[in-house]
Amino acid sequence: MFALTLTAELAGVTNLRPDDTEGSPFWYTFKVQCTSCRETHPNNVSVSRFEMNEMSGSRGEANFVWKCKNCKRESSATIMAAPKAYEQTEPPKAQKILEFDCRGLEFTEFIPDGEWLAEGVDSNTKFTAIDLSEGEWFEYDEKANDEVSIKELKWDINRA
Ligand SMILES: [Zn+2]
């Protein structure tokens, strides 16, 4: 099992999570590497926990199936559960966002494409369509009369 963890400075917002439902799946984008030959996939790959793909030879299904062009070995990955929300803490702490099982491949980097959700800490204002791809996000919370932000994002993928 592997886990994607996030460490980030959240000001005025909490409960940061990918906008990921069956009706509107989130596509988790990664750089992927074959563990047999260490070849890295030339393109980033996107994985949804709601999409299943057949593995060859009746080995079942996985969210992501990849046949390495270099060594021809097939590998797969599956997201184990719904993502966990990142809670605002002071100082920021590393928190697990997503857990996945990888067979024959490793995700080496997470690229935070897609839309994220969060809430105002005291105001409970709902923020949607948060874009983290630039590495920071700024908004104004009308109810709290204050600026809110997400900064210093650090993504890690570790063996869980
Ligand atoms: Zn390979």
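In this predicted model, Asp141 stands opposite Asp146 in β14. The two strands involved are β13, residues 137-141, and β14, residues 146-159, which pair in the antiparallel sense over five bridges. Together β13 and β14 form a hairpin with four residues between them. Within that turn, Asn145 has a positive phi of about 50°.

A second antiparallel pairing joins β2 to strand β11 (residues 115-120) over four bridges. In this pairing Arg17 stands opposite Leu117 in β11. Both strands belong to an open sheet of three strands with the order β2-β11-β12 and antiparallel pairing. The edge strands of the sheet are β2 (13-18) and β12 (126-131), each of which pairs on one side only. From one strand to the next, the twist averages 25°.

The model also holds a zinc ion, coordinated at 2.3 to 2.4 Å by the SG atoms of Cys34, Cys37, Cys68 and Cys71. Along the sequence these donor residues follow the spacing C-x2-C-x30-C-x2-C. The arrangement is tetrahedral because the four donor atoms subtend angles of 103 to 117° around the zinc ion. For four tetrahedral donors the ideal angle at a metal is 109.5 degrees.

Accessibility is given here for two of the donor residues, Cys68 and Cys71.

| Residue | Relative accessible area | Class |
|---|---|---|
| Cys68 | 1% | buried |
| Cys71 | 31% | partly exposed |

Cys68 counts as buried because its value of 1% falls under 20%. Cys71, at 31%, is partly exposed because that class lies between the cut-offs of 20% and 50%.

Terms used. Residues are numbered from 1 along each chain as its sequence is written. This is a predicted model: local features need pLDDT of at least 70, side-chain atom pairs count only at pLDDT 80 or more; totals for chains, interfaces and linings use all residues. Side-chain values use heavy atoms; hydrogens and water are left out. Two strands pair if DSSP finds at least two bridges between them. Donors are N, O and S atoms within 2.8 Å of the metal (3.2 Å for Na, K and Ca); water is not among the atoms, so sites may look incomplete. Four donors count as tetrahedral if all angles lie between 85 and 135 degrees; four count as square planar and six as octahedral if opposite donors are over 155 degrees apart and all others between 65 and 115; anything else is irregular. Buried means under 20% relative accessible area, exposed over 50%, partly exposed in between (1.4 Å probe, protein chains only). Axes are lines fitted to C-alpha atoms, for helices over the stretch in contact, and angles run from 0 to 180 degrees between N-to-C directions.
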